[in-house]
Amino acid sequence: MKQYVLAGMMVIGVFAVTTVQAQVLSKPTGPVILTVTGNISNTNTDQNTAEFDRGMLMNLEVIEQKTVTPWSEGIDLYRGPLLRSVMSAVGAQTATLSMTALNDYSAIVPKKDGDDYNVILAMDMNGKVMSVRDKGPIFLLYPFSDNPNLNNEVIHNRSVWQIKSINVE
């Protein structure tokens, strides 16, 4: 045991070094709709990536969010896992996420957005599964109605729909 003197006080302690151990995610049993790559510690493929089917995503922390968006009329009810829950499941290690859509549009999203706001990976809209035609299967959705300051061009550009992959950079 080591002894230290701090400002006239004796401190006796044992210091342990802890390490973060990678966890293995379950494998998808349905069609893969999201692949997460990059600086992650929890994977489920031989390529050190995390693949998710709809069921896996909907088993994470899921919320419903009523909001308006610049791309629809009126208020809609969206449902999906919180971005921070998905990032926690994969053990995301860094602060920047690159979201890529089926048409290869991509946007850089600070991981902090998911920590600061209830950003969801919306998969249902008004009680129906979101199809590719309806911005699905996954739509990165900010809580515009709860936080009107999010209704700006920067956040609109981050709101990627038809997401197929996230790279943790």
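**Strand pairing and the setting of Asp113**

Thr35 has Ser165 as its bridge partner, and Ser165 belongs to strand β13. The model described here is predicted. The pairing of Thr35 with Ser165 leads to the strands β3, which covers residues 32-38, and β13, which covers residues 163-168. These strands run parallel and are joined by four bridges.

Strands β3 and β13 belong to an open sheet of five strands. The order across this sheet is β4-β3-β13-β7-β8, and its pairing is mixed. Its edges are formed by β4 (50-53) and β8 (106-110), each of which pairs on one side only. On average, neighbouring strands of the sheet are turned by 20 degrees against each other, with direction ignored.

An open sheet is also formed by four strands in the order β5-β6-β10-β11, with antiparallel pairing. Within this sheet, β5 and β11 (128-129) each have a single partner strand and therefore stand at the edges, so that one side of each is left without a neighbour in the sheet. In a regular strand, side chains alternate between the two faces of the sheet.

The pairing within the antiparallel sheet can be followed from strand to strand. Strand β5, comprising residues 62-67, is paired with strand β6, comprising residues 76-81, through six bridges in the antiparallel sense. Thr67 stands opposite Asp76 of β6, while Glu64 has Arg79 of β6 as its bridge partner. Strand β6 is in turn joined by two bridges to strand β10, residues 124-125, and these strands run antiparallel. Arg79 takes part here as well: its bridge partner in β10 is Asp124. Arg79 is thus bridged to Glu64 and to Asp124.

Attention now turns to a helical residue. Asp113 is located in helix α3, which spans residues 111-116. The relative accessible area of Asp113 is 8%, which is under 20%, and Asp113 is therefore classed as buried. The side chain of Asp113 makes a polar contact of 2.8 Å with the side chain of Arg158. When its neighbours within four places in sequence are left aside, Asp113 is in contact with Val119, Tyr142, Ile155 and Arg158. Arg158 accordingly appears both in the list of residues in contact with Asp113 and as the partner of Asp113 in the side-chain polar contact.

How values were computed. Residues are numbered from 1 along each chain as its sequence is written. This is a predicted model: local features need pLDDT of at least 70, side-chain atom pairs count only at pLDDT 80 or more; totals for chains, interfaces and linings use all residues. Side-chain values use heavy atoms; hydrogens and water are left out. Two strands pair if DSSP finds at least two bridges between them. Axes are lines fitted to C-alpha atoms, for helices over the stretch in contact, and angles run from 0 to 180 degrees between N-to-C directions. Buried means under 20% relative accessible area, exposed over 50%, partly exposed in between (1.4 Å probe, protein chains only). A polar contact is a pair of N or O atoms within 3.5 Å; within protein, one must be able to donate a hydrogen and the other to accept it, and residues adjacent in sequence count only if both atoms are side-chain atoms. Contact means heavy atoms within 4.5 Å.
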